[in-house]
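Student: I should like to take a close look at a single part of this structure and then see what surrounds it. Please treat the matter as one connected account.

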Amino acid sequence: MTLAPILTTERLTLRMPVLADFGHHAAFHASDRSLWEGGPRDRAAAWRAWASDVALWPLKGYGPFGVEDRQTGEYLGEVGIFHAEEYPEPELGWMVVPQAEGRGIAFEAARAVMGWVRSRFGWDEITNIIDPGNVRSIALGLRLGGRIDSARPGIDPGDVVIVHDLRRLA
Amino acid sequence: MTFAVTIPTLTTDRLTLRPPRESDLETLVAFGQSERTRFIGGKRERFEAWRGLLAIIGHWALRGYGYWSVDTREGEFVGRVGVSLHDGWPEPELGWHLFDGFEGRGYATEAAKAARDHAYRVWGMGPVISFIAHENPRSIAVAERLGARFEREGEPDGPHPYGIWRHPGVAA
């Protein structure tokens, strides 16, 4: 079964998640930063949630990328395609570690992932499904060129669904 | 550059240990509603059954070993067996469970022996442990048939106190 390719951008390397990433996810799930993602969760639940996201790679050929600083190798977060069973469709999602916030890391990584899914799968669009209280993620989705489609189903009632037209990338 | 992981398929006299797949889900959802989950975390809803299935596949991708789905030679999905090391566990654990209606035929012993042999021979593990609840005599019987011995009490982490059983050190 095939896992993630390596993508590079100006500042970043995107690669297959590895075990050493888990500590960052455990910390994220333990913090209030995970409130918009169904958290907080204890370590065991964080492990199940994260390992089940990683499993998308062998199952579906897409999934989350670990994002590193291209120069230093420092772990910055996770950006990629998420697709839990309850999701209406594959979703573009992102998480950055606290020290990487405010530097446009998620923006740069998300652009790379959008280009990759367009060239790899030929998808015309990809969505974000975001809790309405998560204003920073909504702002990022719009900054990436997405538009809010209130007719689309989210996961929970009230979710904001942002649609990105990938044909514009080519 | 692309990474890859290979989940081997093992065969025994009566069983096939094969990679888990998404179509295992409906069986696992039904199992998740049964009393048979009592010693492995309890009943779970559909989404948790899905998440559990994927976490097993993710375990293979992250650690290079994990749990197989077990079919009869006729292709009936009867249970799961394998070696896992979840976060916070002291060392890799050999575990097994069978779905309703497939117990009492020696399937768990046969599958666990094949998984253990593979873990020792190919992954260089051993002697491995099994966590078994004290109130689960059927699983204790499987461990004893596999030659395992009670080693110590497990760290309490749920409603069912359990023992740590140590398997013999070489492939039998």
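Student: Where in chain A is the place of A:Arg33?

Tutor: The model is a predicted one, and the following account should be read accordingly. A:Arg33 sits in the loop that joins helix 1 (22-30) of chain A to helix 2 of the same chain. Its surroundings can be described by a count of neighbours: 17 other C-beta atoms lie within 10 Å, and because a residue is called buried at 20 or more and exposed at 12 or fewer, A:Arg33 is classed as partly exposed. As for its distance from another point of the chain, A:Pro58 follows 25 residues along, and the C-alpha atoms of A:Arg33 and A:Pro58 are separated by 28 Å.

Let us turn from the loop to the contact between the chains. Here 23 residues of chain A are in contact with 21 residues of chain B. On the side of chain A that touches chain B, at least two residues each come from strand 1 (2-5), helix 2 (43-54) and helix 3 (56-60) of chain A. The most is given by helix 2 of chain A, with eight residues. By character, the residues of this side of chain A are 17 nonpolar, two polar and four charged.

Chain B may be examined through its own helices. In helix 1 (residues 25-32) of chain B, the buried residues are B:Leu28, B:Phe31 and B:Gly32. These three cover an arc of only 100 degrees around the axis, and therefore lie on the same side of helix 1 of chain B. A general rule is relevant here: an α-helix has 3.6 residues a turn, so residues three or four places apart point the same way. On the other side of helix 1 of chain B, B:Glu26 and B:Ala30 are exposed.

The buried residues of helix 1 of chain B pack against helix 2 (46-63) of chain B. The axes of these two helices of chain B come within 9 Å and cross at roughly 125 degrees. Helix 1 and helix 2 of chain B are therefore oblique to each other, and their crossing is right-handed. From helix 1 of chain B, the contact is made by B:Leu25, B:Leu28, B:Val29 and B:Gly32; from helix 2 of chain B, it is made by B:Arg46, B:Glu48, B:Ala49, B:Trp50 and B:Leu53. Sorted by character, the residues of this contact between the two helices of chain B comprise six nonpolar, one polar and two charged.

Key
Residues are numbered from 1 along each chain as its sequence is written. Chains are lettered from A and ligands numbered from 1 in the order in which they are written. This is a predicted model: local features need pLDDT of at least 70, side-chain atom pairs count only at pLDDT 80 or more; totals for chains, interfaces and linings use all residues. Helices (H or I, at least four residues) and strands (E, at least two) are DSSP runs, numbered from the N terminus. The arc is that of the directions from the helix axis to the C-beta atoms. Two residues are in contact if their C-beta atoms, placed from the backbone, lie within 7 Å. Ala, Val, Leu, Ile, Met, Phe, Trp, Tyr, Cys and Pro count as nonpolar, Asp, Glu, Lys and Arg as charged, and the others, Gly among them, as polar. Axes are lines fitted to C-alpha atoms, for helices over the stretch in contact, and angles run from 0 to 180 degrees between N-to-C directions. Angles under 35 degrees count as roughly parallel, over 145 as roughly antiparallel, 65 to 115 as roughly perpendicular and the rest as oblique. A crossing is left-handed if the near helix is turned anticlockwise from the far one by less than a right angle, and right-handed if clockwise.
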